[in-house]
Amino acid sequence: MQKKEIDQLSYIQSLLDSESVDMIPLISPEEEEFMNTEELPEVLPILPLKNAVLFPGVVLPITVGRQKSIRLVKKAYRGDRIVGVVAQENQHIEEPALADLHKVGTVARILRMLVLPDGNTTIIIQGKRRFEIAEMVQEDPYITARVKYREDIYPDKNNKTENKALFQSLKDLATKMLRLNPEIPQDAQIAINNIESSAFLTHFLSSNLNADIKEKQALLETDDTNKRATHLMSLMDKDIQMLELKREIQSKVHSDLDQQQRDYYLRQQIKTLQDELGGAESSDAEIERLRMKAKEKKWPEITMQHFEKELRKLERLNPMAAEYPVSMNYVEFLVDLPWDETTKDNFNLNRARKVLDTDHFGLEKVKERILEYLAVLKLKNNMKAPILCLYGPPGVGKTSLGKSIAKALNRKYIRIALGGVHDEAEIRGHRKTYIGAMPGRIIQGIKKANSSNPVFILDEIDKVGSDFKGDPASALLEVLDPEQNNSFSDNYLEVEYDLSKVLFIATANSLDSIHPALRDRMEIIEINGYTMEEKLQIAKKYLVTKQTEEHGLESNAFKVTDKALVKIIEDYTRESGVRNLDRKIGALTRNIAKSVAMEQEYPHLVKPEDVPSMIGPEIFDKELYEDDEHAGVVTGLAWTPVGGEILYIEASLSKGKGRLHISGQLGDVMKESANAALSYLRAHADDLKIDYRVFDHFDLHIHVPAGAVPKDGPSAGITMLTALASVFTQRKVKHKLAMTGEITLRGKVLPVGGIKEKILAAKRSGIKEIVLCAKNKKDILEINDDYIKQMSFHYVENANQVLNIALLKQKVKQPMDLSVIESKKI
């Protein structure tokens with residue numbers, strides 16, 4: 001017996017004193033006869049053992065860890081407490097089948113189940129009788145088998161002298177072993193002296209013999225009692241010889257052992273104990289495993305030399321030293337990194353387009369640019385990838401586009417979130433001399449992908465910060481420079497790593513906060529927000545189906561009309577992407593799922609009037625065109641991060657001294673547009689038949705409604721000019737007309753941005769005609785013709801063209817009297 005086993009037995013025995021359970025029971029021949037004749041079941045639940053063999057009569061503590069074994073033990077403990085215990089042929093198999101077990105085992109009774117201080121569940125079992133597995137009855141929830149009990153064979157049963165000599169010889173050898181091993185307590189000697197049964201003595205010594213599982217299993221399978229005892233004595237004799245040799249060696253070298261030799265000797269003893277107990281592999285075996293694994297690596301020569309140097313250093317270290325696990329973790333990380341281990345790219349561009357179209361609706365310009373980059377990769381055939389940056393508002397699919405690119409190329413996909421990163425070490429790693437050092441997130445991602453050419457998403461690159469710990473954005477310069485990243489240096493790695501085969505894709509919501517040098521290294525692909533029409537198609541083709549599946553409903557459980565989806569988009573969301581739209585459709589689906597679960601009536605075809613009762617009242621109001629008969633009111637078009645809007649410009653006159661008032665929380669650029677429009681109107685008053693004296697005798701007020709919302713930009717220039725011309729001439733503005741464009745002092749109309757969003761907003765609001773700069777015609781051509789049916793466009797180059805189109809000849813109802821009466825001088 002080993003000292004650790006004796007200490008465990010002593011502790012368990014102290015727990016069981018009150019239960020009258022003896023860990024070393026002394027079985028008399030009469031009790032042995034009863035055990036051999038006791039009626040036992042023919043079908044037994046089978047409990048596999050990894051590192052032990054149970055013998056009849058022997059009490060053994062077993063730690064139960066596997067789920068199947070736990071279920072078996074708990075059920076048996078609540079029942080007759082009888083189980084069949086069989087050793088595994090291969091102790092490394094975690095979930096053994098019947099074929100992985102030895103055929104001969106021991107039927108046992110569970111004496112007690114208890115929890116040890118370390119938290120493990122332990123059962124105390126006592127062997128009863130040997131058996132042989134005949135056939136398996138079931139495999140789940142645990143193995144159950146039909147067994148055939150084996151009987152001991154006594155060849156010289158009547159030869160009492162020989163049996164007594166054999167019995168005494170076993171006791172003598174046991175006593176000698178105990179004398180040579182002072183670690184075993186004297187209680188064991190007392191127990192052996194009091195054993196009366198020769199069969200139980202054989203089983204007891206076999207169970208506690210310092211031998212491997214195969215030898216113990218061979219003893220268990222031997223039916224002939226004399227052969228079993230003879231085999232046992234030969235094994236005990238070998239053990240005694242080893243103990244004597246050990247004592248002799250210890251006595252010879254004891255006086256010459258220095259500290260280093262003593263440490264080596266202790267390590268060898270620990271290694272032997274680990275091998276006997278089936279513990280972790282020794283340090284030598286671990287180092288040899290790493291060396292063999294390194295031979296399969298395709299790394300540069302300088303990296304190989306560095307690895308060998310670190311491995312030799314590791315071999316010289318004491319495994320008990322504090323720096324040993326640090327060095328071990330380092331060389332393991334080196335050998336686990338994928339060095340020039342790549343996945344094969346799939347450059348089928350038709351398949352790539354199909355993947356992009358399947359995963360994302362719309363975004364045609366973005367998809368075209370991505371396909372262009374994939375085509376370049378295919379033609380270059382050197383695997384060096386460009387650095388892309390997908391830039392746009394939240395929720396438009398930037399990150400998921402990166403995942404689709406990885407899917408199309410058949411590459412591994414890795415994503416790291418850079419939002420809130422302030423420490424340069426997050427990118428470059430820590431030097432391994434620091435406590436808790438680890439590689440940077442780039443190298444960690446490469447290791448996780450197990451490929452040196454993944455698609456690597458750098459999410460929210462515009463939200464990288466900097467503080468006293470360094471500037472991560474500066475560290476990213478080397479990562480994202482195709483001319484430098486083939487020799488990227490991570491502080492933890494200490495050797496260069498080639499990142500040139502990685503396809504880096506950054507995502508950002510704003511370009512302003514990205515480091516200029518970093519922005520210069522990336523190809524910017526702008527992703528604009530979805531239009532209402534695109535959102536409608538996304539909702540129909542993706543979101544409704546997705547939410548139906550996620551909420552456990554059948555595909556035909558309900559339908560949503562296009563008008564109901566449009567109502568949700570316009571009245572319940574204000575966003576560029578579709579995240580909130582997805583949530584609102586999810587809320588509608590949950591409402592239906594609740595009705596289905598409660599077997600209540602619900603609308604199978606959801607119409608616009610059903611939406612408020614299902615997801616609540618409208619959150620936003622849609623701006624519709626209003627046919628206003630007042631002078632000075634003109635409809636403009638505005639771009640917002642969540643799409644286009646129509647915008648009213650109101651101008652009014654009141655008697656005064658020619659002052660200009662501007663309200664509506666306008667920005668500086670928009671105020672400058674108002675002043676430019678007014679200056680142009682003053683300069684060309686005669687062309688419009690405006691009395692120039694009006695400008696000095698009436699105060700002008702320009703207001704843009706929705707005063708709580710900040711507004712800015714030059715695109716309202718021609719709208720303001722038209723509003724001023726209308727109010728000063730009191731002429732009506734053309735019905736269902738909107739406009740957008742910048743105005744100069746010379747009256748030139750300049751192009752503006754956001755045309756697609758503005759035009760689609762105008763259509764939703766009922767606008768029929770649009771006035772815009774001639775240079776914006778190219779933007780109209782990019783809009784799907786189905787979206788702009790029944791709309792007409794006027795392309796203009798100067799202010800006169802704008803006013804000729806927008807202003808009617810007729811005056812408004814109840815026009816304002818703008819006549820000026822001069823006071824006579826006295």
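## Burial and overall build

Of the 826 residues in the chain, 48% are buried in this predicted model. The surface that the chain exposes comes to about 42500 Å², and carbon and sulfur atoms supply 50% of that area.

The chain has 29 helices together with 26 strands. When contacts with a separation of 6 or more are considered, 74% of those in the chain are accounted for by residues 24 or more positions apart.

## The nonpolar cores

In soluble globular proteins, nonpolar side chains tend to be buried together. In this chain the largest nonpolar core has 73 residues, and the members that touch the most other members are F558, L588, V606, I759 and I770.

F558 can be followed further through its contacts, leaving aside its neighbours within four places in sequence: F558 is in contact with V544, T548, L553, L588 and T589, and also with I592, Y602, P603, H604 and V606. Two of these partners, L588 and V606, are themselves named among the residues that touch the most other members of the core. Apart from this core lies another one, which has 52 residues, including I287, Y324, L334 and L337.

## A closer look at R247

R247 is found in helix α8, which runs over residues 225–253. Is R247 buried, exposed or partly exposed? With a relative accessible area of 40%, R247 counts as partly exposed, because that term covers the range between buried, under 20%, and exposed, over 50%.

R247 and L180 are 67 residues apart in sequence, while in space they are 7.9 Å apart, taken from C-alpha to C-alpha.

How values were computed. Residues numbered from 1 in each chain as written. Predicted model: local features only at pLDDT ≥ 70, side-chain atom pairs only at ≥ 80, totals over all residues. Heavy atoms only, no water. Helix = DSSP H or I, 4+ residues; strand = E, 2+ residues; numbered from the N terminus. Buried < 20%, exposed > 50% of the residue type's maximum accessible area, 1.4 Å probe, protein only. Contact = heavy atoms within 4.5 Å. Areas by Shrake-Rupley, 256 points an atom, 1.4 Å probe, with all protein chains shown as cover. Core = buried A, V, L, I, M, F, W, Y, C linked by side-chain atoms within 4.5 Å.
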